[in-house]
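Visitor: I would like a close look at one part of this protein, with the contacts spelled out. Could you walk me through it?

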Amino acid sequence: MDRRREAEPLLTRPAVRKAPTVRFWLRSLTFRVVAFSTAWAILTLVVIFTLITTLYRQTSERGFESLLSAHLFNLIGSVGISEAGTLTGSPDLGDLRFSEPDSGWYWSVEPASEGVSGSLHSSSMTKAIPSPSVAAVPFNSTFQRSYTTHGLGGEEIEVIESEFVLDSKNRAARFRVMGNRTELDQEVAAFQRRLLAYLSLFGAGMIAINAIAILLGLQPLRRVRNALAMVREGTAGRLDGRFPAEIEPLANETNALIENNKRIVERSRTQVGNLAHSLKTPLAVLLNEGRALGGTQGRLIVDQAASMQKQVEHYLQRARVAAQRDSVVYRTPVGPLVQRLGRVVQKLNARVAVSWALPAEDVIFAGEREDLEEILGNLLENAVKWANTKVAITVAAAPPVSASPGLFEIAIEDDGPGIPEDKAREALKRGRRLDETKPGTGLGLAIVADLVNEYGGELALEQSLLGGLKAVVRLRSLQ
């Protein structure tokens with residue numbers, strides 16, 4: 001075990017960048033389905049709105065033109081001519097709008113041939129409304145024509161016009177019936193607004209119902225995710241529960257994968273145990289022979305055999321950690337383990353006062369108890385060896401200085417001599433001892449660094465406020 005002074009964090013992991021919110025939503029299955037169904041609903045409603053308004057306008061225009069034609073035939077039937085050639089008659093088209101001044105609804109009868117005099121018009125027509133020339137708007141084969149113009153109040157009017165022979169002398173008159181097209185356009189616009197309001201309400205309801213149905217439909221996937229989280233946290237050994245037919249094969253395959261991982265871990269542990277057992281006896285024989293031999297050669301054999309034993313244990317432990325790291329996660333409460341180790345170290349080293357500070361809510365280490373014991377044991381052994389009178393242990397649930405989320409922090413400090421900054425990295429190298437006067441093999445900090453690295457954590461050697469070294473370990477916790 002080697003010593004130290006203040007140093008920068010030595011083993012750090014790159015910061016985990018959170019995916020942007022936009023990218024998260026684009027990858028979300030819920031968002032994709034809801035967005036697609038919403039876009040389809042909006043497109044459908046736009047098409048429906050366009051079709052209905054188009055059909056309504058066409059129907060309204062046909063009805064408008066049919067009404068004008070009916071009024072025209074009624075007007076033709078109500079007008080005659082006297083022997084003197086004067087236009088006679090009192091047409092009543094049955095619509096009060098022809099009586100309201102400047103209403104946009106007018107009719108007029110004017111001479112169209114020689115021998116015809118006088119003119120008739122509706123009481124709503126307070127001034128003459130000019131008509132285009134026959135050359136500009138010719139009559140069709142039935143002697144009718146239609147066109148639009150502006151009325152007396154500035155409104156747009158539709159005019160239907162016909163020339164009709166009134167008697168046997170071929171005396172003819174020109175009949176015009178005019179309807180307010182602005183009213184028609186306003187009517188269509190009002191209908192469009194009402195239709196848009198109804199379709200908007202219907203669309204909002206349909207989108208909400210679709211979103212609720214999709215969320216409920218994807219609920220089994222959330223159940224699977226929660227079940228997997230329980231497996232990861234160690235509170236469940238497999239995915240339990242009833243799942244829909246589409247999800248059940250996934251749950252079965254996941255359970256099979258979990259069982260297979262467990263078998264791999266157990267097989268690795270068995271092999272590690274067999275290897276440790278096969279090496280234990282030869283190393284013990286070497287140690288005994290070295291002690292029996294004595295002298296310089298005996299001490300050399302004992303030192304090398306002890307070093308081999310320590311390194312074999314270390315690499316066996318690394319193999320075990322690597323075998324279980326990516327399988328089912330273990331749970332190890334940190335607080336009770338820190339208290340137990342602190343009491344043991346205090347009893348074995350009465351000259352050093354060991355204290356610890358724990359969070360109100362205990363943190364859970366995402367790994368095996370033996371590995372955490374190995375990490376804390378080496379750091380405590382190192383701290384007690386070099387401390388003058390004090391060793392302090394601090395556990396923090398959420399260290400703000402951590403570069404990675406989901407970690408907890410254990411800091412072990414002493415009031416010893418510390419370690420020079422330029423020697424800090426040397427202390428973590430396997431077998432390096434900065435002070436040969438202290439007993440040890442130089443593997444303690446290196447073992448800690450390797451174990452922390454295997455668990456994806458961080459190790460830092462810093463300056464302690466007590467005056468000595470502060471070893472900071474950050475490991476993954478279960479939320």
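Visitor: Which residues in the largest nonpolar core touch the most other members?

Guide: Happily, and a word on the model comes before the core. This is a predicted model, in which local features need pLDDT of at least 70 and side-chain atom pairs count only at pLDDT 80 or more, while totals for chains, interfaces and linings use all residues. Residues are numbered from 1 along each chain as its sequence is written, and side-chain values use heavy atoms, with hydrogens and water left out.

Now to your question. Val 334, Val 391, Ile 410, Ile 412 and Leu 475 touch the most other members of the largest nonpolar core, which has 37 residues. A nonpolar core here is a set of buried Ala, Val, Leu, Ile, Met, Phe, Trp, Tyr and Cys residues joined through side-chain atoms within 4.5 Å. Buried means under 20% relative accessible area, exposed over 50%, and partly exposed in between, with a 1.4 Å probe and protein chains only. Two or more residues come from each of α7 (334–348), α8 (369–386), β12 (390–396), β13 (407–414), α10 (444–454), β14 (458–463) and β15 (469–476). These elements are DSSP runs numbered from the N terminus: helices are H or I of at least four residues, strands E of at least two. Helix α8 supplies the largest share of this core, seven residues.

Ile 412 shows how these pieces meet. Setting aside neighbours within four places in sequence, Ile 412 is in contact (heavy atoms within 4.5 Å) with Leu 376, Leu 379, Leu 380, Ala 383, Val 391, Ala 392, Ile 393, Leu 469, Lys 470 and Ala 471. Apart from this core lies another, of 22 residues, including Phe 64, Leu 68, Leu 72 and Leu 166.

Two of the contributing strands deserve a look of their own. β14 is mostly covered, with five of its six residues buried. β14 and β15 run antiparallel and are joined by six bridges; strands pair if DSSP finds at least two bridges between them. One such bridge matches Glu 458 with Arg 474 in β15. The two strands form a hairpin with five residues between them, and Gly 467 in the turn has a positive phi of about 110 degrees.

Back to Leu 72, named above as part of the other core. Among the residues that touch Leu 72 is Ser 162, which lies in strand β7 (residues 156–165). Ser 162 is buried, at 5% relative accessible area. The side chain of Ser 162 also reaches the backbone oxygen of Phe 143 at 3.2 Å.

Finally, the charged pairs. A salt bridge is a side-chain nitrogen of Lys or Arg within 4 Å of a carboxyl oxygen of Asp or Glu, and the count comes to 17. Glu 61 and Arg 57 meet in one of them, at 3.9 Å from N to O. Because they sit four residues apart in helix α2 (residues 29–78), about one helical turn separates Glu 61 and Arg 57. Both belong to a network of salt bridges with Glu 158, Arg 181 and Asp 185. Another salt bridge joins Glu 83 and Lys 169, with the closest N and O atoms 3.7 Å apart. Glu 83 is in the loop between β2 (80–81) and β3 (87–88) and Lys 169 in the loop between β7 and β8 (172–180), so this pair ties together parts 86 residues apart in sequence. Both Glu 83 and Lys 169 are exposed.

Definitions and conventions: A polar contact is a pair of N or O atoms within 3.5 Å; within protein, one must be able to donate a hydrogen and the other to accept it, and residues adjacent in sequence count only if both atoms are side-chain atoms.
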